[in-house]
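Reader: I am a first-year student and should be grateful for a close look at a single part of this structure. Would you please take one helix and describe it together with its surroundings?

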Amino acid sequence: MWYSLFKYVLIGPYLRYKGRPRIEGLERIPARGQVILAGNHLSIVDSFYLCLLINRPITFVAKSDYFEGRGLRGRALAWFFRAVKQIPISRHDPDAAKKSLEASRRVLDNGGIWAIYPEGSRSPDGRLYKGKTGVMRIALTADAVVFPVVTSGTREMNPIGKRGLRRGRVEIRICEPLDLSKYVTATNSGAVLRAATDYLMCSLQENSGQEYVDCYNDAYKSRSNRTDNARTA
């Protein structure tokens with residue numbers, strides 16, 4: 001109930017006004033069955049626009065920080081994520097990755113749509129970073145169709161560190177589904193998972209036009225923070 005209420009009444013009209021969103025390739029998503037949406041990640045509102053523009057309900061595995069906010073804004077955001085049935089996973093839990101994949105598999109086993117950002121978190125500078133292999137650990141063993149999803153315009157609407165949304169133009173492209181047949185093996189070794197993930201990231205880069213960076217964005221952020229701290233020391 002809450003998912004539809006937010007989408008069509010409480011938040012959706014506001015998002016349409018602010019972002020004037022357009023979507024391409026929506027007809028590719030089947031009306032039922034297991035689907036994985038794997039996208040680039042520029043802003044927290046990427047998820048909102050995906051849910052707004054895609055007809056079927058979408059489940060994300062979201063960091064638990066969104067469910068533990070303080071103050072009026074933080075509590076409202078936490079209530080929102082719970083109300084629309086998103087799944088919290090703590091980054092500080094040593095078993096977080098395993099629990100995240102298990103929760104995602106349950107979504108697919110129930111015939112749902114699971115959405116994931118292979119980069120792990122928002123791009124710090126608009127470039128596309130190396131993908132983590134978790135998505136392929138599920139994709140290569142599930143009976144799911146994997147669609148690369150490219151979003152643009154959200155970074156300008158909601159710059160990192162800024163509150164509120166600027167008026168802009170959001171565009172989402174549902175790309176051709178991936179053909180993963182050559183990556184499905186009996187063991188799905190680390191090398192196979194890496195190759196399949198790189199195939200996904202190549203599709204995202206080609207369709208988004210983003211510059212690709214061959215390192216994880218959390219590693220890049222850590223190096224940048226150490227450099228900034230050294231400069232101010």
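Author: The following account concerns helix α8 and then turns to the cysteines and the nonpolar cores. The model is a predicted one. Helix α8 comprises 19 residues, from 190 to 208. Its first and last C-alpha atoms lie 27 Å apart, close to the 27 Å expected at 1.5 Å a residue. Directly after α8, Gly209 adopts a positive phi of about 75°.

The buried residues of the helix are Val192, Leu193, Arg194, Ala196, Thr197, Leu200, Met201, Ser203 and Leu204. Among the elements that cover them are β2 (35-39), β6 (128-129), α6 (134-139), β7 (145-152) and β9 (212-213).

Cys202 also belongs to the span of α8, residues 190-208. With a relative accessibility of 37%, Cys202 counts as partly exposed. Its sulfur has that of Cys175 as the closest cysteine sulfur, but the two are 12 Å apart and therefore too far for a bond. Cys175, by contrast, counts as buried, because its relative accessibility is 3%. A search of the whole structure finds 0 disulfides.

Two of the elements that cover α8, β2 and β7, also take part in the largest nonpolar core, each supplying at least two residues. That core has 32 residues, and those with the most contacts inside it include Leu37, Leu50 and Ile172. The greatest contribution comes from α3, with 7 residues. Beyond its neighbours within four places in sequence, Leu50 is in contact with Ile58, Phe60, Tyr117, Val149 and Ile172. A second, separate core of 27 residues includes Leu101, Leu128, Val150 and Tyr183.

Conventions. Residues are numbered from 1 along each chain as its sequence is written. This is a predicted model: local features need pLDDT of at least 70, side-chain atom pairs count only at pLDDT 80 or more; totals for chains, interfaces and linings use all residues. Side-chain values use heavy atoms; hydrogens and water are left out. Helices (H or I, at least four residues) and strands (E, at least two) are DSSP runs, numbered from the N terminus. The expected span of a helix is 1.5 Å times one less than its number of residues. Buried means under 20% relative accessible area, exposed over 50%, partly exposed in between (1.4 Å probe, protein chains only). Contact means heavy atoms within 4.5 Å. A disulfide is a pair of cysteine sulfur atoms within 2.5 Å. A nonpolar core is a set of buried Ala, Val, Leu, Ile, Met, Phe, Trp, Tyr and Cys residues joined through side-chain atoms within 4.5 Å.
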